[in-house]
Structure formats: structure tokens, C-alpha cells
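Thanks for making time this morning; I would like to walk you through a structure that is new to most of us. Please have the model open while I talk, and stop me if you lose the thread.

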2 protein chains.
Amino acid sequence: MSDSHSTPLSASEISLFDKWWHAANYLSVAQIYLLDNPLLREPLKLEHTKPRLLGHWGTTPGLNFIYLHLNRIIREQNPNVLFIAGPGHGAPGVVASTYLEGTYSEYFPEVSQDFQGLKKLVKQFSFPGGIPSHAAATTPGSIHEGGELGYSLSHAFGAVFDNPDLITACVVGDGEAETGPLATSWHGNKFLDPKTDGAVLPILHLNGYKIANPTILARISPEELTALLKGYGYDPILVEGHEPDLMHQKMAVAMDTAFARIKDIQHKARSENTSERPIWPMIILRSPKGWTGPKTVDGLRTEGYWRSHQVPFSDLTKPGHLELLSEWLLSYKPEELFDENGTLKKEIAALAPKGDKRMSANPHSNGGALKRDLILPDISEYAFDVKNPGEEHGESTRILGTFLRDVMKANLAGRNFRVLAPDENNSNRLNAVLDATNRAWDAITYDYDDHLAPDGHVMEILSEHTCQGWLEGYLLTGRHGFFSCYEAFIHIVDSMVNQHAKWLKTSKEVPWRRPIASLNYLLTSHVWRQDHNGFSHQDPGFIDHVVNKKADIARVYLPPDANTLLCVADHCLRSWDRINVIVAGKQPEPQWLDMDTAIAHCEQGIGIWEWASNDKDGEPDVVMACAGDVPTIETLAAVKLLRQHVPELKIRVINVVDLLTLESKQQHPHGLEDAVFDSLFTLDKPVIFAFHGYPQLIHKLIYKRKNCSNFHVHGFREEGTTTTPFDMAVRNNLDRFHQVLNVIKHVPSLAVRAAYATQAINDKLIEHKRYVAQYGQDLPEILNWTWS
Amino acid sequence: MSDSHSTPLSASEISLFDKWWHAANYLSVAQIYLLDNPLLREPLKLEHTKPRLLGHWGTTPGLNFIYLHLNRIIREQNPNVLFIAGPGHGAPGVVASTYLEGTYSEYFPEVSQDFQGLKKLVKQFSFPGGIPSHAAATTPGSIHEGGELGYSLSHAFGAVFDNPDLITACVVGDGEAETGPLATSWHGNKFLDPKTDGAVLPILHLNGYKIANPTILARISPEELTALLKGYGYDPILVEGHEPDLMHQKMAVAMDTAFARIKDIQHKARSENTSERPIWPMIILRSPKGWTGPKTVDGLRTEGYWRSHQVPFSDLTKPGHLELLSEWLLSYKPEELFDENGTLKKEIAALAPKGDKRMSANPHSNGGALKRDLILPDISEYAFDVKNPGEEHGESTRILGTFLRDVMKANLAGRNFRVLAPDENNSNRLNAVLDATNRAWDAITYDYDDHLAPDGHVMEILSEHTCQGWLEGYLLTGRHGFFSCYEAFIHIVDSMVNQHAKWLKTSKEVPWRRPIASLNYLLTSHVWRQDHNGFSHQDPGFIDHVVNKKADIARVYLPPDANTLLCVADHCLRSWDRINVIVAGKQPEPQWLDMDTAIAHCEQGIGIWEWASNDKDGEPDVVMACAGDVPTIETLAAVKLLRQHVPELKIRVINVVDLLTLESKQQHPHGLEDAVFDSLFTLDKPVIFAFHGYPQLIHKLIYKRKNCSNFHVHGFREEGTTTTPFDMAVRNNLDRFHQVLNVIKHVPSLAVRAAYATQAINDKLIEHKRYVAQYGQDLPEILNWTWS
């Protein structure tokens, strides 16, 4: 750790820097407290203040300090810098800085660079119809929703992958640093190629406190802190103190050092073809919480303490508080910062970089505007040759892997596509992708290693959080990706998905934000085929989680075979601003549709499988519906049994690929019109529905449909264990036999046969149980079952 | 880092240790591969092997090695040690060790200490009706579901809090170490009191590979690794190599050193009253993946490589593979390990500790058996004095805080209750608890710090994962807890909740597991009152997540005021084997029920609020139902408007506290009988339902009810922003006015009034919007609204 005492700044520079900092701090406090009278040109009155005081002051002066010193480097050296504020609730500071740079007014012209604009700026903060208290989609220059903590560093790495000229300066709050996702995301440096990727400059902002507690990293010894960060692979530069003049000098030295090291590392890697992982610089800023704010309030310690975390004092009707606020604001001397018109004085404004070099105007922060469509090969070339439905078996995800391999090849020169998985790429049978690229890896390698290289485009770390964060950062800066994951463990990122969905919804309401590529999930190794992992790996509930998101964002696809999987994946890779969830198994399974039929089926999203149905001459007696690969097999097996044993029974088979076609048109854009739904599912016939996930989800989707009370859904009933695939179906009543029993129960004309059939089926189920318990595999008639 | 070369073991000890290790490794391989012929007394044939080869060999020999060396220390020094296997898929090893200790046969008598028992042992592994491939509730000595990685260390810390004599030896896999939750859980040492808590001995098992990739921590320099672990606050002891004799010596030294240091730290803390945080020891075991397994398979590197991760070779019909398996198994010389009867030879068996000192029989691992009920004060003493419904305002969670304070006081001597929150205890207004205890904190403190002490019983770290993991560990070892969290961010632990729910379900099926205290959540700072945090903090979907769990585990409570919150909390703290979710706001809100009424209401879980209804003489025209504190206010406000303007309209008001009463009795034990449900909600009248969460959840719960098609649910429609509380309701149509509009729409007799009323209401909504936009707060008539 270096703590240099050199003094690169002149006294006049320091004075000017201080003015910018004062302006940013002033506007931060003003945003938090003021409803009007933004420059305090009138004596402060209660009616100038907000009725509800909200915001986070504590982290803000530090953020403003960092921002201005990054601006200095940008002006002097012209690097391309993106700014991420991990302490997201520091929006007063981030917004103030972007306003001082002029960008805010360019994006939001009504918030102009004058007194009227200042009035709007202060009023809108944390105010109805205004902006939130943390960095968000409405913040110019931000790719980071700062409401939920923990993802700043993974976003930062995601942004610089394949952006060799970009440096993301990422402020990590010491509160945020306690989260699990942040604690592991430091390791992003082992996946970063100094040749072909950009750089991340982490700035750990130690201001010591969270809402009401000290932070861990501020309360361990300096030696431990240094060891920790060196252990993460960084060389920390410490900037510590509270006296502004000294701190300006220290921060200038730190920035000079850090940017010089980055330049040096990149130069060396790019010119000398070195292969050793570099030790990247980082900065630790240890500064008081609520720096420059009131030292005490009502006699209680405030600056440098948790009482500064949010609003240092909030009840302005208390004696002395209004005066305290006024003094605090005036301590920044706004009259020296803004001119008559309320415009930032020229000499201070000149500290901002120009145009796109302003961090708030960095083009990468509006990645949709940079997005280039993927080059996609024709899916027909990867088609599984289906002559007759169900005749042959194929591994859907392995076939998808060949398509993804060629997507990777076609876009490798464009460097805008990555495949991610938490150490499951091969397990999920997408191995073919490794024929086109390597796994990203810049840690130690040995000669017997397999497909590891710093510039690989397959990203694998055993952290769903990090995969998700990297991918979000990559997408938000205008690129594309594909994330495969064990179905059960994608729940690990539930809350990250929430935040991304919120970002997408909000960004659609921000006129200058351009659509970004969709977040594409392949959930495989799914609930029905966790043969040896058992119960802990069985959970299909991520679909439930995603359908609660806004209808124009959430999409759920359940392709029943390889060709439909190819169609769906191709569609998802072309889409934007969506969260696409594809669920498909990796095991060998019957293949149903040839490519033309698959394309037609996926375009509708739902349809009658005529070749499996026998209701051509009129209304069916029963509708057998299915969604998901394993449910489709069991439904068709049930249909085959029924057609064999009760040939006069008219059965309509419906397969659902696009789950949200079931929801009503008013609720989801993919929802079928009621008339279409009714014509498919009838108005009054029983519908036996075999579903991949929790059965109640189907009831939730169809509750507005006329025939909803006749739906009988088979799905996962949380009966999991280590067992055979078919036994899993049996334990959850998803299997063919339970489906047949349900048909018998609900089709009145079958009542006479019921007693016999029920007995026969129950005998078969007992035979199944015995066989599985003895041999550990399914009955030969189940293993060898075919449709044809 | 120390790497001693002393040799504490004699040659005969080494030879004996090696035999135990061989026996454990032998049984591990046998479990993975064999269906029968467990001791290879016949030449190995294909039919002796499992049809589906499943399991994780890679980590297993290392686990077995660690286990036997822990046993040595236990025998020599008699410490009380609990074992947690982070590489959970190492169940073949954990199960083998517990079998060798005899415990397995005590818990599962059919798996006896003889040839017949061995047959069962090998067959059951990863076999239908058998046990999973990772440590689970079925594993003696385990408190850790090993299916989803990342929680071993937080479980380990949770187990030793308030157990001063317990040492948890926690093996952390180097794959698991990449997860976020694990990466931050090392910091548990800052929350551990060496006086009143036990110790955690982390053993980082670096075998270098995950499924198909190297691990990060195995591919950074030794200097970086040491720095990282020292940075986390540990003093690592390295055990590295592959030659068994040397490794036995090294591990014995490491264990001696680690246990001596623990003893020393504890002695010092407990006798000398030192206050400095100790530097705890830990062990790094760097050993080959698949140690002692086949060096190569089909010419490809296997031992010490990722190919050993699961089954090193699986197709036993391939030429030479059956022979390879046979050679591998015989290399452990089973004939020297087991006697004629198939019983482990006496001199090897003697290496196991005795009775409860065996880690597999540690009483803390079956915490339910140790559980003592909490001493709970009478909730009536904390009652909010409600004279007339809605007359006065109270802060429900602040009132709950006074109850929790006294729960804490009453159980402080028993040391079996902790309150947890991710830095939100005060924000959630549970401050009163700090009158009874401090926040646990063993990092640096300053004199101005607030309620920090090593033995505090409020646990705060900005990591929901760590809070959840600590609490799980604490509950699983027989204690009680209460976890408060911002509603939106509890999604961070969705997947951990899944695993805990699975553990609870499975443990109920394990006869010797005793019920543990419930996992109690208070979700506050909820969706409707995120006034300044805005959209990112607004998500009520955790309820949706929990209701997918097994019905006998999941409970969801939505108390509308302070007294019902007290009832519900009291009930939850008395319950066992549940996941209880309580959602209640922290803001001042009208209080509805006096304590007697609240108790009666909560006992039913749902009921008609007669005092708000006017349908006493017969069937209502409309049912106005509500669940949640804010929905209840809006429903009552709508009822008041309707009763004012349409006095002849007969309204029945129903409040739901226990959400799952809505589900049918067949689906949930709390579900109302159909007759009761029908008598409450009628068979055909419109039900206007104001719900705290996503509206579709109600439809999902009631789809089997007769009147389901007449339910019109108002709830969160994902329309969030920074705004006033009432405006949030308006944006999502939950407010009184939209409820009235919906009554008008669905009660035919109101049609004539509809045009006028609709206009008046729309005018009011416009007035509301304008007022909020201008003043940033709700209309005075909304702010000052009261029921009475």
C-alpha cells in the first residue's frame, strides 16, 4: 500500500477543486432538503423545505470528491471512464455531479442550467413524480440500479469485458462490501484479459457506517484490510483523512498512480504479449461519513458517525434546526459558485470533461444505442431430423450447443456475445461452444488445462450472482449473452432479476434510454431430471417468480424438444428489453417436431398437435394439454394408453411452448384472445394439464378464462427425492397413469370402465415401485416407450 | 502460515490411520458404484454395479482424511466437535465415516455393522428410496443440507453462538468458496465472542477443481491466498501434498496446532477478560482431487483433475472399466479392513471416539432434542389500548419491539434467542430490543459506539445471506430466533429458504430428527411504505415464493395492526418446524382491534369485522375483504365512503390475517372448510379484495372455491416509484376510490348512481395527483382520515 506525500496540485487548483466539491455538496444537501429557494437567495423558511425529508447524505460528499478527481484525470489524460456508484443511495451526489457537468440538462432540458432548472432539480429529488434517492435508470451515465446493494463490481467487470478502451471506476461502499455477491465479485480480475478487455478501478469508500452500525471493513486493522485486498489480487492505494486540502493532494496522487498503473499493465499486455495476470490497482478512500456536514446535531455526534447516514436531522420544526440547515448550506458559499442566473460559474464548470468524455455522457452507459444485432446462423442447419414424431431421441441442449457454437463463431470478431454458467456449461451439454472459444481465465494455468484463456468468451465461476452481475453489465453496455443454469439454483439470483426487471421497466419510461438485448436464461438440469442430485436440486419456482414481473418484460418458454428449443433460443437472441426464461432438459428425449412444424408451433406459442389428437370431426371429450419436455412425454404416453384402450374417446392434444399465451390478452401481450383460448380449450370439457412447474401457477394464469374450473393440473407437488426420472413423475402424479386416472375421473362416459382401469393402473404403479426399488431404474416398458 | 515438519505420529499410528482412511475411501467408492457384492468377495460383475452411476468422488477422500484426523483430536483431547461438510456432494465420505463410527447403524439399524448392513449401505446411495449424494437431513451428525453451495460457514457460526463448549469443524470446498454467501461468511469471526460462544475451525479444502473448471483459490499464488485468509482475520495452517504418510503427519500437526490455539484463545478470553478480537486458526488442505483414485482413465488425466469430480468413469461396459473399478476397490485391501462378518476390524474401529463425542452423534446436530421452549411474557402487557377501532395511531413494529425486548430479557440467561437483521433493526423500529442486549460485535470499537458488545444478541451484518445462514445454524442446533428484513430484499435469500424448507420436510421423515424452532420472518419497510426508496425497494413477492413450499411448513401472516402483530409473533415464537412469514408496516397507522378481539381474530385467522359491516340482517350485496395493514386502511376507507353515500348497500367486511385460510382444506391445514369459506364469502356476491401483494396470488389460492370467479383483487401491479403512501395505492388501484369504483361496477343495483359517482371519484383522483405533485404529500383529507 502506498501513501504518497507528493503534491501534484497547485494552490489554485485546490481552490478550484474545492469549489466544484462545494457546489456538488451544496446541490446534494439542497436536493435532500429543499422544495424551493434553491440558492438560498431568500432567508430559509419552513415552506422552502420538503415535507418528507428523505435521502442519504452520508456517502454523498465522498462520492462527489471521487467524481471530481476522476474528472481531473479525464481532462488531463483523456481516458474513457464509466462511473458506477455502489453506494446507490448517494444519488444526491451523482445527480449533482452530472448536473454540474451539464449532461443532466441535456438529457432533461427542463432541469436547465439556471435558477429555474435548479428549482426543478432540488424539488424532484425523492419527491412524487421525481427521482429516487439512489442511482437508477433515470440517472445519466448510470448502468447500475443502486437500490439493492452488492452488484456494483460485477456490473463494472461486465461493462469492460470486450471494451478494451473502457475503464470503469467503481465505488464500492463499505456497507455494500459486506454482502456476499460483492465479497466474491472482487475475483472478477481472474476473468479479465488486459489485452482485449478494459479495466476496472475499484474505489473502496470506507466511511465507516451503515444505517445504524459500523462497517466490518472499517473496523479491522489496516494490516488486515490491506491483506484482504491483496489477497483479492489488488494493490491498494490509501487515501485517508478529512482535511480537504491534504485530501485533494492525496486523491490526485492516488488517481495519477492508479491510472498510470492501468496504462502500464495494458501497454505491457498489449505490446509484450505477457501472459501473467496483472495486479490491478485500487483505491481505498477513508473519509468521514457525512464529511463537511454538521459536526453535531442537538449535541450528538453526527459527522463521521452513523447519524449522518441518511438525513442528519429531519424535524425542521425543532428549535434551531432550520438555522442549522441554513448555516450548513451557506457554509458552501453558493454565491461564489453560481452566477446571477443561477448558472454554475464558468471557471468551475470548466473542470468538467467535454462531450462524451463526461462520465455522465459515456456512450457505454446507454448501451442500447451501441447495440449491434447478433449475426445468427439459420437454425434449420442445426435441425434434428424428425421423420415421425417421437421416433428418435435427442439431447436438446447438446443440439442447442452446436447452434450456440456457431453464434459464437459468427460474432467472435464483433466481440459482443458471451455465454455464462456457474461451472455448468459442460454439465448442461453446451460443450460445443468450446469449439469456438475458450473459457475466460486469467489465473494460473497448467499445460493439462482444458480450454482456458484470458480472452475466452465462456464465463464460468461458481457464483450465480457473479454470472448474473457480469451479464447485466455486459447487456447494459450494449452486448448480448446467454446464461445457462441448473433450474433450482437460479433462485439464487431472484432478487437480482427483480432489480433488472425494474431497470427495464423504468428505462422504457426514460426517453433517451435505448433498448438493450434481452436477459436470456436457459434453465436445464431441471426438476424432473435430477436423478442423482435429488430433492435439493428440484425446484421449478423461478417461473413463478418471473411471471410476477411486468407483462411486457417477462417471457417463459417451455420447448418440448430440440427443434422448438432452437426456435425459441433464436427468437430470444433477437429480442430486446425482455427477461426470457427457457426451460429445457439436457437428457436424451423423444423428438416431436420437424423444423418447419417447430417454427410454426413456436410462432403461435401454443397449438393443437393434430397428429396426436383424434377429435378431428368435432369437439373433444377431453383436452390433454402439456407444457414442458417431460410433461409432454407423459401426456403423449397417457394419450397413447387412452387411444389404445378407449379408442372411441375423442382427445385433443395441446402443447404450450409460450407459457404466457395462457394468460388473458388484457394481462399479457402474448395472451390468447378469449375466443381463441375457448376454441382451443373448449368451454366446458375437462382439461388435463401436465405442467413442468407448480400446478397452481396454471390456475393463476387462467383464472379469467371461461373454462378455468375444468382445468386439472398435474405438476411438481414438492415431492422430490433421489430417484429415477419416471418415479419422480409418479411421486408428483405427473405420470401417464395418474393422467389417465384423472381422465377417467372427469369424463363421465368413462365411468363404466373406471373400476377395471383404475385397478389395472394401480397394479402397474405397484409394479413400478417394486422394480425401481430393486433395480434402480425404470421398468423396461417405460424406458423403451415410444409414441409411434 | 506455519508448515511444521514435526512428526507427532508413530509408524503404527500412521498405519492404523491409513487403514481407517482406506476403509472410508473403500466404502465411498463402493457406495458410488456397487449395487451388491459390497466387499468384492466375488469377482466383480456388471450386475454388481448400479445401472446409473452417480455421486461425487473428487472431494471424498479429502473429507475422509479430515474426518479421521478430527477423530484423533477428539480421542486425545475430548473436545465437543460438530462436523459440517461444505462440499456437500461428498456424502459418500461423510456417510462412510459415520458408518465406520457405528452411529449410522444406531440411527438406521437395518444398515448394520455386518455384511448385510454393508449391502444396504452401498445400495441405498443415490438410489431410488435411498439417500442423496450430498449431506442432508438423513445424514447423522449433519445440520447442513449440502445440495446448494455457499452456506457451510454461516451455518457453522450459527451453531456455535451461545454454545461456548462447541467447536464446529467446517470444511469449505474451493468450489463453494467462490459463491458470494461463502465469500462474506468468513467475517463471522467479527461477531463471535470467545467467552460466551464456541469456536469455528474452517478447513479450506483446496482440491483444485469444480465440475469442469479449476477453482479460483487453487489458482492464485500461495502469497495471495495467505493474504486473503489473513485479511479475513484467520491464521492459516497449510497442509499440502499427496503422500499419505507425510500428509498424516502434517495434518496431525495442523490439528494439534489449531486446537491448541483455540483452547488458548478461549482460556485467555475467559480467564483474563481480554477484549481484543482473537485471530482464529484455520487449516488449508491442499490435496489432489480424487486422491487415491485412478490416476488415468482411458489415457486421460483423472486423479488431481476435474475428471475426478463426480464419477471418474461411468460406462462400465467399456473395455477394461470393470477391471479398473475392481482394481481400484481392491487397492484399499478390504480384506484387511473388515472381518469375516463384514464388520470393521476392532483395532480400526477403536479409532472412533465414543458415544456423543462421535461427530456423527453430536447432540447439537439434532438440535430439536436440545430445544427448550422460550419464556414468553404475556402479550396483553404490550397491548395497544384500542377503545374504538381506528381512533388512534400506533407503530406496530415499535410496539412489537417492546415485546421482543422482554422476550430477550426473559431468555438472556438461557442464551437461546437471537434477533437478526441486515443493519435494519433500528430502521424497522425494533430498537427496544437494544435495551435488553447489545449488538454482537467483536471488531474494533470506539467509545462513542452504540450498543456494540461481543456477547450481544442482536446480529446485524449487511448480508441477508449471512443473517439467514446464522439463524439456520442457530435453529438447527436447538435455539430460537427472529429475523426482520426489508420486504423487497428478503428475496436475496429465496434459494436458502428453499433449502431450509426441504430440510424441514425431509427431517420430518427421519424418525430420530426432533422438531426445531420455526424460522420467523418479520417483513417490514414493505412495498406500500417505501416512500423515499422507491421502486427498487418495492416487491411483495416473497409471499408467492413461500406459498409454493409444502403446506405443513409454510405460513403467511398479515396482521393489520399492533395487537394482531403481537398475537401472531407470539404464536410464531411458540411454533416449530415452520417457515413463518409476518408482513407488517413500521409506520404510524390506525389501530383496529383491542387485545381480546385481536386474539380471537388471530385464532380464526380470518373473520368478519362486524363493527365495520352493515349486513347483519342477511346476505350482503358485496363483500369487502382485505389482507395487510395498508389494504385494510383502504378497504375501511372505501367502506366508509360507501356507507356514507349509499347507506342502503349491505357490506360485509372480512379481514384476513392468516393468508392460507383462503386455500382449500385439502391443500393446506389452515385452509377453511368449503362451507365456512362459502358462508363468509357467499356463493355469488362480488368480493372486492384488497391484498398486500400481487393480486394473482389470491386467485391462485382460491381457484377451488365456489365463488372464485366473483373475486376482484386489488394489489401491487408492479407500479412502483418514489411517491407518497396514498399515491402508491392509487397507482396500483388499491386505494379506496378504485375500490369504490369496483363496487359500483360489480353491484348491479348501484348502476344508476354509477355515472355521477364515477365522475366525482375521478375528479378526486385528479385533485390528489395535482396536490401530491405540488406539495409532495397526500391531501389533508387522506392524511387526516379516520374511520370513526
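Let me begin in chain B, where five strands make up an open sheet, ordered S1-S2-S3-S5-S4, with parallel pairing. The edges of this sheet are strand S1 (80–85) and strand S4 (234–240) of chain B, each of which pairs on one side only, and neighbouring strands are turned against each other by 20° on average, direction ignored. Please keep in mind that this is a predicted model.

Staying with that edge, S4(B) is joined to strand S5 (residues 280–286) of chain B by seven bridges, the two running parallel, and Val239(B) stands opposite Leu285(B) in S5(B). Helix H9 (residues 244–272) of chain B packs on the sheet, where it touches S1, S2, S3, S4 and S5 of chain B, and its direction makes about 165° with that of S5(B).

Now to chain A, and a pair of helices. How do H6 (residues 152–160) and H13 (residues 464–476) of chain A cross? Their axes come within 6 Å and cross at roughly 50°, so H6(A) and H13(A) are oblique to each other, and the crossing is right-handed. Among the residues that meet there are Phe157(A) from H6(A) and Trp470(A) from H13(A).

Finally, strand S21 (residues 687–691) of chain A runs parallel to S22(A), joined to that strand by four bridges, and Val687(A) has Phe711(A) as its bridge partner. Between the two strands the chain passes through helix H20 (residues 695–702) of chain A, in a right-handed β-α-β crossover.

How values were computed. Residues numbered from 1 in each chain as written. Chains lettered and ligands numbered in written order. Predicted model: local features only at pLDDT ≥ 70, side-chain atom pairs only at ≥ 80, totals over all residues. Heavy atoms only, no water. Pairing = 2+ DSSP bridges. Right-handed = clockwise from strand over helix to strand, strands pointing away. Axes fitted to C-alpha atoms, helices over the stretch in contact; angles between N-to-C directions. Parallel < 35°, antiparallel > 145°, perpendicular 65-115°, else oblique. Left-handed = near helix turned anticlockwise from the far one by under 90°. Contact = heavy atoms within 4.5 Å.
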